[in-house]
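I sat down with this one and a fresh notebook page. Here is what I looked up, in the order I got to it.

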Amino acid sequence: MSSHKNEVTQVPFWESKTLAEMSREEWESLCDGCAKCCLHKFIDDETTDETTELLPTDHMGEDEHMVYSSIACFLLNDKSCQCSQYQKRTTLVPDCVRLTQDNLDDVFFMPPSCTYRRLNEGRGMPSWHPLLHKGKKSAMHKAGMSVRGKVVKDDQVSLDNFEDYIVLWPLEDID
């Protein structure tokens, strides 16, 4: 006589729910913690000049393109890839955006590897995501998907020289 375990395969919440259906806890756990959203990004177009190039924006025009830099917010712990003042970040840094289910479609600057963006676009959870590795970020760091070891803080450089810090690695995405 053989014994069989009745195994029930539970579908992960990110595969069984839409982003809008997720609880706040589920939503927050989707953040892969790469910290690419903490990088300064600049929009470049033909009309950008010295007075407008560093101004914040909430949209991107048709003839504009986004440029990522390796300059990170001064609040970022660049080893853990976490904000050192997460609860107060939008007060301390008014341009910091709190990503929610309501504004996900409007947050155009999230990198292609961002799990929120990937799920919103129907591309699924990346294999390196901490939720697939018992909450550990080591697979993400090993895959080169985080900012660890790649950034300078915005309080340590002059943003006037941002052109010297333009990088392409934040646009990389795997699986």
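My entries below go through strands, salt bridges, a charged patch and one lysine.

**Entry 1: what kind of model**
Note to self: this is a predicted model. I read everything below with that in mind.

**Entry 2: strand S2 and its partners**
I began with strand S2, residues 65–72. How many of its eight residues are buried? I got seven, so I wrote S2 down as mostly covered; buried here means under 20% relative accessible area.

Next I checked which strands pair with S2. Strand S1 (residues 39–44) runs antiparallel to S2, and five bridges connect the two. I looked up one spot in that pairing: Asp 44 sits opposite His 65 of S2.

Then I turned to S6. It is antiparallel to S2 as well, with two bridges between them. Tyr 68 has Val 167 in S6 as its bridge partner.

Does S5 run parallel or antiparallel to S2? I found parallel, again with two bridges. For Ile 71, the bridge partner in S5 is Val 152.

**Entry 3: salt bridges, starting in a helix**
I counted the salt bridges and came to seven. I picked a few to look at properly.

Arg 24 pairs with Glu 28, and their closest N and O atoms are 2.5 Å apart. Where do these two sit? Both are in helix H2 (residues 24–29), four residues apart, which is about one turn of the helix. I also checked how covered they are. Arg 24 has a relative accessible area of 33%, so it goes down as partly exposed. Glu 28 comes out at 30%, so I put it in the partly exposed group too.

**Entry 4: Arg 123 and its two partners**
Arg 123 took up a page of its own. One salt bridge goes to Glu 121, with 2.9 Å between the closest N and O atoms. Another goes to Asp 173, at 2.6 Å from N to O. The Asp 173 pair links distant parts of the chain: Arg 123 is in the loop between H4 and H5, while Asp 173 is in the segment after strand S6 (166–167), 50 residues away.

I looked up the exposure of each. Arg 123 is partly exposed because its relative accessibility is 36%. Glu 121 is partly exposed at 42%, and Asp 173 is partly exposed at 26%.

Which residues belong to the network around here? I listed Arg 117, Arg 118, Glu 121, Arg 123, Asp 173 and Asp 175, linked by salt bridges.

**Entry 5: a negative patch**
On the surface I found a patch of negative charge made of Asp 44, Asp 160, Glu 163 and Asp 164. I had already met Asp 44 opposite His 65. Asp 164 is in the loop between strand S5 (152–153) and S6. Is Asp 164 buried or exposed? Its relative accessibility is 62%, so it counts as exposed; the cut-off is over 50%.

**Entry 6: Lys 136**
Last lookup. Lys 136 is in the loop that runs between helix H4 (115–120) and helix H5 (138–142). Its relative accessible area is 53%, so I marked Lys 136 as exposed. I also checked Lys 136 against Asp 32: they are 104 residues apart in sequence, yet 9.9 Å apart in space, C-alpha to C-alpha. I closed the notebook there.

Terms used. Residues numbered from 1 in each chain as written. Predicted model: local features only at pLDDT ≥ 70, side-chain atom pairs only at ≥ 80, totals over all residues. Heavy atoms only, no water. Buried < 20%, exposed > 50% of the residue type's maximum accessible area, 1.4 Å probe, protein only. Salt bridge = Lys/Arg side-chain N within 4 Å of Asp/Glu carboxyl O. Patch = residues over 30% accessible without salt bridge, like charges linked within 9 Å, V, L, I, M, F, W, Y side chains within 5 Å. Areas by Shrake-Rupley, 256 points an atom, 1.4 Å probe, with all protein chains shown as cover. Lys, Arg positive; Asp, Glu negative; His and termini not counted. Charge placed at Lys NZ, Arg CZ, Asp CG, Glu CD. Pairing = 2+ DSSP bridges.
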